[in-house]
Amino acid sequence: MLRSLPRLLGKICSVSKPGGTKNDSVGKPLSKSCPMPKKVKVKEAFIRQAFGNSSDLVVRELHVGPGGKFTVLMVYLDGLVDKAIISENMIERISDRADRCRTPGQAYDDLKNRIIAVSDVKETGNLYDFLNYVARGYCGLVMDDVPKALVADTRGWAQRNIEEPTTEATIRGAKEGFVETLRTNTALLRRRVKHPRLRIEEYDIGTISKTSVAVAYISGLADEKVVQEVRNRLGRINVDSIQESGQVEELIEDAPFSPFPTILRTERPDKVAGALFEGRIAILTDGTPFVLIVPVTLTMFLTTPEDYFERTFIGSALRAIRYLAFFTSLTLPSLYVAVTTFHQEMLPTPLVLNIASQREGVPFPAVVEALLMEVLFEILREAGVRLPKIVGPAVSIIGALVIGEAAMRAGLVSPIMVVVVATTGIASFATPVFSLAIGARLLRFIMLLLAGSLGFFGIVAGLFGLAIHLTSLRSFGVPFMEPIAPILVSEFKDLLARVPWWAMHTRPALVGHEDLVRQGRDQKPGAPDSPSRRLADKKQI
Amino acid sequence: MKVERGKISGSQLMALLVLTRLVPVTIEFPSVTGINPPQDAWVSSLGATLLSIPVILLMAHLSLKYSDKTIIEYSQLLLGNFFGKIVGFVLVWYWLSVAATMLRSVGDAYTTAIMPETPILAFIITMALLGANAARSGLEVVGRLGEVNMLVVILFVLLTLSLPYKVMSFENLLPVLARGIKPIMLPMGTAISFFVEFIILGMVVPCLNDTGALIRSSLGAVAISGAVMTAFTVVLIAVFGPTLSSLMLPAFSLARMISIGEFLERLEVIPMGAWTITVAITLAFFFWASAVGMAQLFGLRRFQSLVYPLAAISVAFSILFFESFLDLELYFNEVWVAYSLSVTLGITIILYVAALVRGRSSASGKVTRLCRRNR
Amino acid sequence: MSKFIIIFITAFSASTLTGCWNRRELDTLGFVTALGVDRTGESKIEITVHVAKPFAIARATESSVSPEKAFWVVSSTGSTAFEAIRNLLLQSPRRPFYAHNRFIVIGEECARAGVGDILDLFARDGEARRLARVEVVKGSTARQFLEQVEFELERLPSEGGQGISRYVQEGVSAEPVDCTLNSFLRCLEAEGVEPVAVRVEAVPKMPAAPGSVGDLLRDQVKISSKHGGAAVFKGDKLVGWLDERETRGVNWVTGKVRSGILVIDQPNEKGKLVSLEILRAPRAS
């Protein structure tokens, strides 16, 4: 009932509209193949009816031809167009130069070929298409007696400047991030891949929102089968709207119920470009700076561009720390609970007595204590993200005081539990991709319950269950746990340690197998007379 | 009609076979040896490893003759529909009973040694769920899990074996065979009876992406698990000496001797973690084999729906078969050797003879061609 | 998928909701750090334990001076060692927990009567530590020893004893033997080898005031323990003591000497002594 209300209202409105009374077809909803009517008045009625009484719709009448005989209607949506282009390149030129034509047809051709000084001018004979163009920010021109219409690309709106991505900061690496405009984003990619083999295919997804979604890949590197699979999965999306790439992700991913994302998202062009060079495929969505990358593996979620830009030892060490942090954020509280409530014999006597003395008087079992603190921490974190920046620090101070001091002094929690929870919390921020970090956070609670009921056995069982799940996952045909399961020794070059760039001869075998070799084996640098240089130079000669 | 489409590699098969051996080798074998004096246990494990090689070669050879069929399928081919199906049922029963004893022994190990107040069902059901869940995902996933986890488990085993170095004294190993070879015959039989569980090879062969790797990986598995078993007994004797025979679960006792820099002590969680992983993968392997076998016996298209019922049956078996840990030990001492050896060796020999007879009667048949190619 | 979820939820709740079977919170446990065994009349076995008091230790860190003892000494009897240990539960509000027990102290009388059946309990029990040290008190009962022993440098006597045993194990001194429950039992079971345990003696911290006798003396004078020498067993029965020098001989023979001091007469000057430090010695593992 509720859903049909707008349609009902629409009918009433359209009937009561004065413009619609002359032509019966005006009152009906537009079909996809609605031909362009001839009379300009009818056209205007159609357009006005289609947009309702939207305040940003501008319909301007211009007169061309000798003595202003012919009427040209200029239609655009205010705010979506660049007003400078409209006034300088269209209105000015039309009123200056369009008075020599004899017939409306001639005037139309003149406008199209000579007068309108906009780089991209298209022609459409279909009212539905015409309206779609206008809705996207094109400026439409319709004339009397011509069953066609012109649309000029005058799009231009306020957009965010290219800034440093806020969610993925790095110390070394490019400081630019994607913005909300698709075209800017594709340009950012093009600037990093200056080769015609970079293909960008665009699709409109969402029956109402008409969101542009672009698939970018380097032809010859990306597996054509995977590209086709991406096209197929995008093609079967049939929803009314797409606001963010997250919705696209949910509609095309392999494992919809997994706590782990099987599609990587990033707002860094360098990361996307790096993935393209490995033979992966990027999916860009208009209206969001987050770009999707497929196919991916779990290890990719734990790498940052920095791993590749810093020198190899530093990059590898950073990565090792990140792996450790991920594991910590998943299991530390449960390990603590398991050890202190099931396996007290594992700790050295002084430490166990120390912990016991701290727990003296704490009324809850350790599991409950841990759950309590974890929930409290999650609430604080969520509040910290949502709060306006001005009150943010206040909340963190209160949070620190509440968690750190007051709860401890009140005897609600033991100091060591605060240490454990704080370590876990900090460790979870070391995971570069938020969607993975949040997955680990949720699983942490399950692990905590398992540890609280079955001790270390529960933890191992939980981790193994997780391993089963991860091993059975695939991302667009590529095993998610590759190169760990199945073991691919050739891919260990980029697993725990990252080998130097000059030794990174090949692309990932399961993704870049179309053109496996990345570079020659003669890239090892050295002083002019060092053995490696001599060998390399000899090869070149 | 293929029930299982996944493919595994030779090294994955080897990992799976090694893992299936590790549980009997570390839980069941030392507790059933009952050798007096115990210092000869390592001789019996070494001997058993060597003696089981020809048996396993026989099994591998038989499977290679029909490398595109599982043992369930070619037993029907060789013995006819009726007898072949009986063999198939016996094998499925055997795998389920092995899974049940494994569940029971790991459950009993945990409840007796670490968490006596926890009901054994908590462990058994959790393990069975893990195994069944992996088995449902197919052999490919099981193989991949096995490959990675074998490395983890071997690392754990090495840690357990090397960390108590302070309390080892290798003079305990002497004298060798003081009472002759007689007292180690039965333990040797027990060890061999664990190795003949390799009859599961017959299920895997059609899923190998390189059948030539079969013999290599099964022999590699025998070598690795034999080495682990021998090293394990040697270390146990070095640490505990003659008191070994009074220990119920030597692996736990061994891990309790660990003390790293006075910080981490009594790391019995190491064998616990290793066993949990190992048993889960082994169960997955056996559940998979029995589910695929069952599906093929009844001509079903998918085996996945059979996994959970079969797992539930083996959970029930594990509770109903044995009354206590001592009962389990008694079973291993008195029943297991005869049962396991007669089932596996009996079936292998019957099938082999049948294959030879058939092979001779149809000299130009596909069977011999395959046979030749694999040589 | 939905079936899987149902199975998962059932299993999950079965494993988590039915109870936390083996969960033992730290503040419900009494950590036994040392354990003494005696035989009393009517062939009963008496167990004496040191139970650590975590709260006393915590208070000690807050205010540096704490008059409170950091441990509690309690004894109980039973017909077997296991029964005696179970009887402790009736006196202790916190469940005695033996995984951190570092010392099994045996009174001399008890040792002479045989300890095999008592130590067997600790060998088989999952909680007890096989690396606990076996010590025999010379000339006293374990109860008396444990009630009075205290170290000036450690709040828990077991920590003090552990400190000493640590460098005994490292071989700083060649005189005492190092004997864990594991090695004791190993020697007991093996043919041709007899066990040797650590000999401990109570050493008065202050010389007794002249004139104080009997109970008064025992109450006032705190004792410290001294490791050294060895208690020699035949089978599971104590048969005699070795002094420091003899113990060093045992250690030389078994190849356990790592370090130590040898004092000899100076060869060319009579009456003067030379101390030699053993830096390297052939080792047997």
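Begin by selecting Glu25(C) and Arg359(A), whose side chains meet in a salt bridge at 3.4 Å, N to O, a salt bridge being a side-chain nitrogen of Lys or Arg within 4 Å of a carboxyl oxygen of Asp or Glu. The model is predicted, and local features need pLDDT of at least 70 while side-chain atom pairs count only at pLDDT 80 or more, although totals for chains, interfaces and linings use all residues. Residues are numbered from 1 along each chain as its sequence is written, chains are lettered from A and ligands numbered from 1 in the order in which they are written, and side-chain values use heavy atoms, with hydrogens and water left out.

**Chain C against chain A**

Widen the selection to the whole interface of chain C and chain A, where three salt bridges are found. The contact (heavy atoms within 4.5 Å) takes 28 residues from chain C and 27 residues from chain A. Together the two chains bury about 2200 Å², 66% of it on carbon and sulfur atoms; buried area is the accessible area, with a 1.4 Å probe, that two parts lose on being put together, summed over both. Now pick out Arg23(C), Leu26(C) and His100(C), which lose the most area to chain A within chain C and together make up 25% of what that side buries.

**Chain B against chain A**

Turn next to Glu140(B) and Arg474(A), whose side chains form a salt bridge at 3.5 Å, N to O; the count between chain A and chain B is one salt bridge. Then select helix α16 of chain A, residues 434-472, which gives 12 residues, the largest share of the side of chain A that touches chain B; helices here are DSSP runs of H or I with at least four residues, strands are runs of E with at least two, and both are numbered from the N terminus. Chain A and chain B bury about 2400 Å² between them, 79% of it on carbon and sulfur atoms. Colour Met346(A), Phe457(A) and Phe464(A), since these residues supply 29% of the area that chain A buries against chain B, more than any other three residues.

**A sheet in chain A**

Finally, show the open sheet of chain A, in which five strands follow the order β6-β7-β9-β10-β8 with antiparallel pairing, two strands being paired if DSSP finds at least two bridges between them. Which strands stand at the edges? They are β6 (198-205) and β8 (264-266) of chain A, each with a single partner strand, so one side of each is left without a neighbour in the sheet. Follow β6(A) to strand β7 of chain A, residues 211-218, with which β6(A) pairs over eight bridges in the antiparallel sense. Stop at Arg199(A), whose bridge partner in β7(A) is Tyr217(A).
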